[in-house]
Amino acid sequence: AEDIPGVMASITSIFAEKNIGIESIAQKENLKEKRAPIVLITDLFLESNHMKLLENILKLNSVNSVRSIRIESE
């Protein structure tokens, strides 16, 4: 995501709209072109919400890509 004020708020607001809790969030060191990776670990949520969540995040002008790793609960 772009390393500018307000980006984290716009991303986390999408999670809030979907009622998905965030367990932890970290912005990693700036890599290039004023972009920085953001790592989110969420509470459990339904798989059916996953694709729509990704679509909404990618609609943000400040986000250029999303990688998602799913970890299933026992």
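Colleague: Which residues of α1 are buried?

Modeller: This is a predicted model, in which local features need pLDDT of at least 70 and side-chain atom pairs count only at pLDDT 80 or more, while totals for chains, interfaces and linings use all residues. Residues are numbered from 1 along each chain as its sequence is written, and side-chain values use heavy atoms, with hydrogens and water left out. An α-helix has 3.6 residues a turn, so residues three or four places apart point the same way. In α1, the buried residues are V7, I11, I14 and F15, where buried means under 20% relative accessible area, exposed over 50% and partly exposed in between, with a 1.4 Å probe and protein chains only. Helices (H or I, at least four residues) and strands (E, at least two) are DSSP runs, numbered from the N terminus.

Colleague: Where do these buried residues lie around the axis of α1?

Modeller: They cover an arc of only 100 degrees, which puts them on the same side of α1; the arc is that of the directions from the helix axis to the C-beta atoms. On the other side of α1, A16 and E17 are exposed.

Colleague: Which elements do the buried residues of α1 pack against?

Modeller: They pack against β1 (22–27), β2 (38–42) and α2, contact meaning heavy atoms within 4.5 Å. F15, for its part, touches I20, I22, L40, T42, L53 and I57, leaving aside residues up to four places away in sequence.

Colleague: How many residues does the largest nonpolar core have?

Modeller: In soluble globular proteins, nonpolar side chains tend to be buried together. Here the largest nonpolar core (buried Ala, Val, Leu, Ile, Met, Phe, Trp, Tyr and Cys residues joined through side-chain atoms within 4.5 Å) has 10 residues, among them V7, F15, L53 and V63. Both α1 (7–17) and α2 (50–58) supply at least two residues of this core, and α1 gives the most, with four.

Colleague: Which residues of α2 are buried?

Modeller: H50, L53, L54, N56 and I57 are buried in α2. Seen down the axis of α2, these residues fall within an arc of 165 degrees, so they line one face of the helix.

Colleague: Is S62 buried or exposed?

Modeller: S62, in the segment after α2, is buried, with a relative accessible area of 10%. Not counting residues up to four places away in sequence, S62 touches A1, E2, V7, S10 and R35.
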